[in-house]
Amino acid sequence: MKINKLFIVGLSLLAVACGKQELPYDLDGVTKSVAINVAKVVGSDLILSQGTTSGNYKLNLTIPANQGNYEEYFKEAQIRCVYTPATGDVQTFLTANPAIATFPTEVTIDLAAVCTQAGLTGGPKLGDRFQFTVDVVRKDGKTFPGWNEYSGFNNEMISYLGTAFSAKASYTAFAPFNEAKFNGACYAYEKGNYAGGWNSSVTRLAATDLPDATLIPEGIEGSDLLGLQWADDFWFGGDVIKIWINTKDYTLIIPDQVIVKNWTYGSYGTHDGEATRCYGEVDTLNDLLTFYFYSIWGPYSFGDATYVLDFHAN
C-alpha cells in the first residue's frame, strides 16, 4: 500500500474562481504555446523492424480544440526525434522534415535518414526506440522544445485535452511478444521507490471485456487487445485496475477508472479511489509492463506513480 501526501485537487482553480482574488502573476504576460497531437497514421507501420530501414512510417499532426487564438503567435512546428538505444545514452535531434504551419497535416518519416542522424548503420537494433514529437516555434522566435532531458515530453500531462491526446508517437524494434508470460505471477515495484518490490499476480480478462470503443485506436480490433486485471494493495489498499495491451504496438490502454470503492482516510471522509491520466507500454525484450497513473480521491489526490510488473520469471 503506497500513500504519501494528500493534495487538494484544483486548488489553483479555486483561487481563480474567487472574484476578488488576484493571482500573483500577470496571465497576459505569460508566453503562450500550443499543444499538438501526434498520432500514427492508420494503416502505416506501428513498430520498427530490426536491421532494416524499410517501412511506411507516417504521422498525423492535429491541433485539438480549446486552445484559444493560437494563430496570433504560432509560426510553425518542427519534428523532433528522441532516440533511446537499447544500450547507451538518449539522443535528440530535429529531423530533416520541413517545418509545418498548417493543420491537420500528414508527415512521412524517412527512417533511413533518421538512422543516419542517430549514427546507426544497418537499421535499428533490437530494443532501439524512436519517438517523434514537435517543437513549437512562435512568431517572436521563441521555441518550446517537444522534449528535454529534465522533464521529458512537453504537454504529456495535459488533462483537459482528453485521454486521446498524445504528445508523441513511439516506434520500437520489439522482440517477439510472448503472450503466455503476461499472466499469473509477477514481481511488482514502483519506479524510483528504493524500498523494493513484492511478489504479485495478474489475471486475464475475458476476450469480451474491452475498454470503451472511443479509447481503442482506429484500425485496432478488440481481438488485438490482451486484457489484464491487477488486484493488489498498491495505492489505497484493495486496489483493482484493468489494463489492456495493444498487441499491434505494445502500448497500453488504461481507462480512467475507480480502483477502490468507499475508501476512508481518517477524518477526511470516504470516497472512491480513482486512477486517471494513465498510459504505459510493454517491454517485450525483458517481459515488463510499465504504466503511469494519477490518483483522485474525492476532492483530493494522493499523487502519482509509475509501476512496473515484471513477468520475466514466468
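**Exercise 1.** Which residue just after helix 2 takes a positive phi?

*Solution.* Go to the end of helix 2 in this predicted model. Just past the helix sits glycine 119, and its phi is positive, at about 80°.

**Exercise 2.** Find out what happens at the start of helix 2.

*Solution.* Start with aspartate 110 and follow its side chain. One of its side-chain oxygens comes to within 3.2 Å of the backbone nitrogen of alanine 112.

**Exercise 3.** Work out how the buried residues of helix 2 are arranged, and what covers them.

*Solution.* Step one: list them. Helix 2 runs over residues 111-118, and its buried residues are Leu111, Val114, Cys115 and Ala118. Step two: look down the helix axis. These buried residues fall within an arc of 100°, so they line one face of helix 2. Here's a handy rule to go with that: an α-helix has 3.6 residues a turn, so residues three or four places apart point the same way. Step three: see what lies over them. The cover includes strand 4 (74-84), strand 5 (91-94) and strand 7 (129-138).

**Exercise 4.** Take the salt bridge between lysine 40 and aspartate 249, and say which parts of the chain it ties together.

*Solution.* First, some background: side chains of opposite charge can pair when their charged atoms come close. The whole structure has eight salt bridges. In one of them, the side chains of lysine 40 and aspartate 249 meet at 3.8 Å, N to O. Now place the partners: lysine 40 is in strand 2 (residues 37-40), while aspartate 249 is in the loop between strand 15 (239-246) and strand 16 (252-253), so the pair links parts that are 209 residues apart in sequence. Lastly, check exposure: lysine 40 and aspartate 249 are both buried.

**Exercise 5.** Arginine 138 and aspartate 140 form a salt bridge; decide whether each one is buried or exposed.

*Solution.* Their side chains meet at 3.0 Å, N to O. Buried means under 20% relative accessible area and exposed means over 50%. Arginine 138 has 13% relative accessibility, so it counts as buried. Aspartate 140 has 52%, so it counts as exposed.

**Exercise 6.** Do the same for lysine 242 and aspartate 209, then locate them.

*Solution.* The closest N and O atoms of this salt bridge are 2.9 Å apart. Lysine 242 belongs to strand 15 and aspartate 209 to the loop between strand 13 (198-204) and strand 14 (225-232), so the pair joins parts 33 residues apart in sequence. Lysine 242, at 26% relative accessibility, counts as partly exposed. Aspartate 209 is partly exposed too, with a relative accessible area of 24%.

Notes:
Residues numbered from 1 in each chain as written. Predicted model: local features only at pLDDT ≥ 70, side-chain atom pairs only at ≥ 80, totals over all residues. Heavy atoms only, no water. Buried < 20%, exposed > 50% of the residue type's maximum accessible area, 1.4 Å probe, protein only. Helix = DSSP H or I, 4+ residues; strand = E, 2+ residues; numbered from the N terminus. Arc of directions from axis to C-beta. Contact = heavy atoms within 4.5 Å. Polar contact = N/O pair within 3.5 Å; in protein donor to acceptor, adjacent residues only side chain to side chain. Salt bridge = Lys/Arg side-chain N within 4 Å of Asp/Glu carboxyl O.
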